[in-house]
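The following exercises are to be worked with the sequence and the coordinates at hand. Each task is followed by a solution in steps.

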Amino acid sequence: MNPATALATVLVDELVRCGLTDVVMAPGSRSAPLALALHSESRVRLHVRIDERSASYLAVGLARRSERPVALICSSGTAVANFHPAVIEASESGVPLLVLTADRPPELRGTGANQTIDQLKIFGNSTRWFAEVGTPEERPGQVAYWRSLAARAYQRALGPSDPGPVHLNLAFREPLIPDGDTSWVESLDGDTAGSWVRARVAPPPVALHLPPTRRGVLVVGDGAANVRRYIAAAGMAGWPVLSEPNGGGRYGDHAISTYHFLLGMQSFADAHQPDVVVTLGRPGLSRPLLSWLRRAEEHIVVATDLARWPDPTRSATQVAQAVEIPVAAGDDAWLHSWRRADAAARTAVDSLLDSSGMTEPRIARDLADSLPNGALLFCGSSMPIRDLDQAMRPRRGLRLLANRGVSGIDGLVSTAIGAALAHNGPSYALLGDLTFLHDQNGLILGPREPRPDLCLVVVNNDGGGIFSLLPQAGVRDPFERVFGTPHGVDLGYLAAATGTPYQLVEEISDLPKAIRGEGLRVVEVRTDRESNAVLHAQLREVAQAAVRDVLG
């Protein structure tokens, strides 16, 4: 057996023993040993994509939804560089990836050899760990090295306190395909009991105990852990819960779904300064919320890893791996004030949306309302997730995900497909038109690839809608070309090019029926950017007017 085949065979076997179930691969020559080893491995589900960027985001979606490491494989050269955006997103979001990049052997580096670049630590600080595996050789001791390395890589990607991407760079010398000889200098077999190294999970951290208070607030952002436990504790303590849709905490009687509008009122924000704020995950959708957090006298951030904690407002006073929110005695005036204001704002917002026709906030609200229990909704990182944040009503039974690590619009079709393939139930995505166009290659699936049950709802306002809500919109002359970026693409023809079922929705009442079905499909809804900007201003005005009427 040649060394390249031996290394690939052992590495794949050990990763499977550790728990690997999904592998995403882009085709290439130098990665042939890994490709052939995986193709004959029945214990994993293999996904092949022709575009490395789409492949990498598919892996992000699979790993994000499954919360298990997913292996990502490519050939050498610029193929590796195309993984970089997804690796950054995985790093910032804490998504476990095993990035296995094939490489030329050392003697070919720096010589101008074809498809050869410097791949050592190419992803910089965006990986939790990097290892240059070394060119395999037929000598005793290699199998123990390869298996222990695979076990370490898998466990480091998994975390458990700080999951993220791990990069193994594998230099293969030719020959790259099996030579028919199965002999090797030592046994290639693994441990009969399982993985080569079996990591033990550390005991739960000791929780920080807070003094009892009724005037507390729980804030839930992207990537929050143990949400149900904290929601239950906040309920017992009489705290309102301000949860982003993708935080997973917008349900129950204490959920304040209009906090964006409430905290945008200076009078309300001043009158509702808490004794303590506890933050889970990474909040970042609402500027009024972030401004309010900056003023908090006691702001406790819960982070599973104390070396990396989210604090974009630089307002954290304490950081803990776990917090104990005690039951507090007293009246419900604090919670009642939040809920009265929320109910008034909610009624005003819904009333305006009900009469707004085919508008982006209404599409977001109605889509979230209409999805069945057990469904997955993947949200675009620009306007769709913000529209959900401002318009979505509290509900249970819906899992929301978004790439909010660095909030890029790239790779989201592929991420949504990956998340759908890992989800046990129907899946949907709400994306903008530029986001959809940015990753149109994600629709290209080979005839033998696993296919998702995913409906892509694309809001098409012919450009970058979020810029119409930013100060750039005031610069009228260059705005449309350099910010609005209209494209004029017919999405129906684009879907037809890949054989993807497509439907255009012209009336908002037809949306629930249009999203029904199975398999990968595209539903387009068309909106107007300028009208959308006007509606967002009106939502703020009617919500805040309603709160003033109620609270005085």
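**Exercise 1.** How many of the eight residues of α2 are buried, and is α2 largely enclosed by the rest of the structure or not?

*Solution.* The model is a predicted one. Step one is to list the residues of α2 that fall under 20% relative accessible area: they are Ala32, Pro33, Leu34, Ala35, Ala37 and Leu38. Step two is the count: six of the eight residues are buried, so α2 is largely enclosed by the rest of the structure. Step three identifies the surroundings. The buried residues of α2 pack against helix α1 and against the strands β1 (22–25), β2 (45–48), β3 (70–74), β4 (97–103) and β6 (165–171).

**Exercise 2.** Determine how α1 and α2 are arranged, and describe their contact by residue class.

*Solution.* Two packed helices are described by the angle between their axes and the distance between the axes. For α1 (residues 3–18) and α2 (residues 32–39), the axes come within 8 Å and cross at roughly 50°. Angles under 35 degrees would count as roughly parallel and those from 65 to 115 as roughly perpendicular; the value found therefore makes α1 oblique to α2. The crossing is right-handed. On the α1 side the contact is formed by Ala4, Ala8, Thr9, Leu11 and Val12, and on the α2 side by Pro33, Leu34, Ala37 and Leu38. Sorted by class, the contact of α1 with α2 has eight nonpolar residues, one polar residue and no charged residues.

**Exercise 3.** Repeat the analysis for α3 and α5.

*Solution.* The axes of α3 (residues 52–66) and α5 (residues 84–93) come within 8 Å, with a crossing angle of roughly 20°. That angle makes α3 roughly parallel to α5. The crossing of α3 past α5 is right-handed. Ser56, Tyr57, Val60 and Arg64 of α3 meet Pro85, Ala86, Glu89, Ala90 and Ser93 of α5. By class, this contact of α3 with α5 has five nonpolar, two polar and two charged residues.

**Exercise 4.** Which residues touch the most other members of the largest nonpolar core?

*Solution.* The largest nonpolar core has 44 residues, and those touching the most other members are Val24, Leu97, Ile417, Phe436, Leu454 and Leu456. Apart from this core lies another, of 41 residues, which includes Val10, Val12, Val23 and Val166. Next, take Phe436 and leave aside its neighbours within four places in sequence: Phe436 is in contact with Val413, Leu443, Leu456, Val458, Leu491, Leu494 and Val522.

**Exercise 5.** Examine the backbone for cis peptide bonds and for positive phi values outside glycine.

*Solution.* For the peptide bonds, consider omega. A cis bond with omega of about 5° joins Gly159 and Pro160, where Pro160 sits in the loop between α6 (142–158) and β6. Another cis bond, with omega of about 5°, joins Glu174 and Pro175; Pro175 belongs to the loop between β6 and β7 (208–209).

For phi, two residues are examined in turn. Glu67 is not a glycine, yet its phi is positive, near 60°. Glu67 is placed in the loop between α3 and β3 and is exposed, with a relative accessible area of 54%. Gln115 has a positive phi of about 60° and lies in the loop between β4 and β5 (129–132). Gln115 is partly exposed, because its relative accessible area is 41%.

**Exercise 6.** Is Asn532 buried or exposed?

*Solution.* Asn532 is located in helix α19 (residues 529–551). Its relative accessible area is 4%, so Asn532 is buried. Apart from neighbours within four places in sequence, Asn532 is in contact with Glu360 and Pro361.

Definitions and conventions: Residues numbered from 1 in each chain as written. Predicted model: local features only at pLDDT ≥ 70, side-chain atom pairs only at ≥ 80, totals over all residues. Heavy atoms only, no water. Helix = DSSP H or I, 4+ residues; strand = E, 2+ residues; numbered from the N terminus. Buried < 20%, exposed > 50% of the residue type's maximum accessible area, 1.4 Å probe, protein only. Contact = heavy atoms within 4.5 Å. Core = buried A, V, L, I, M, F, W, Y, C linked by side-chain atoms within 4.5 Å. Axes fitted to C-alpha atoms, helices over the stretch in contact; angles between N-to-C directions. Parallel < 35°, antiparallel > 145°, perpendicular 65-115°, else oblique. Left-handed = near helix turned anticlockwise from the far one by under 90°. Nonpolar A, V, L, I, M, F, W, Y, C, P; charged D, E, K, R; others polar.
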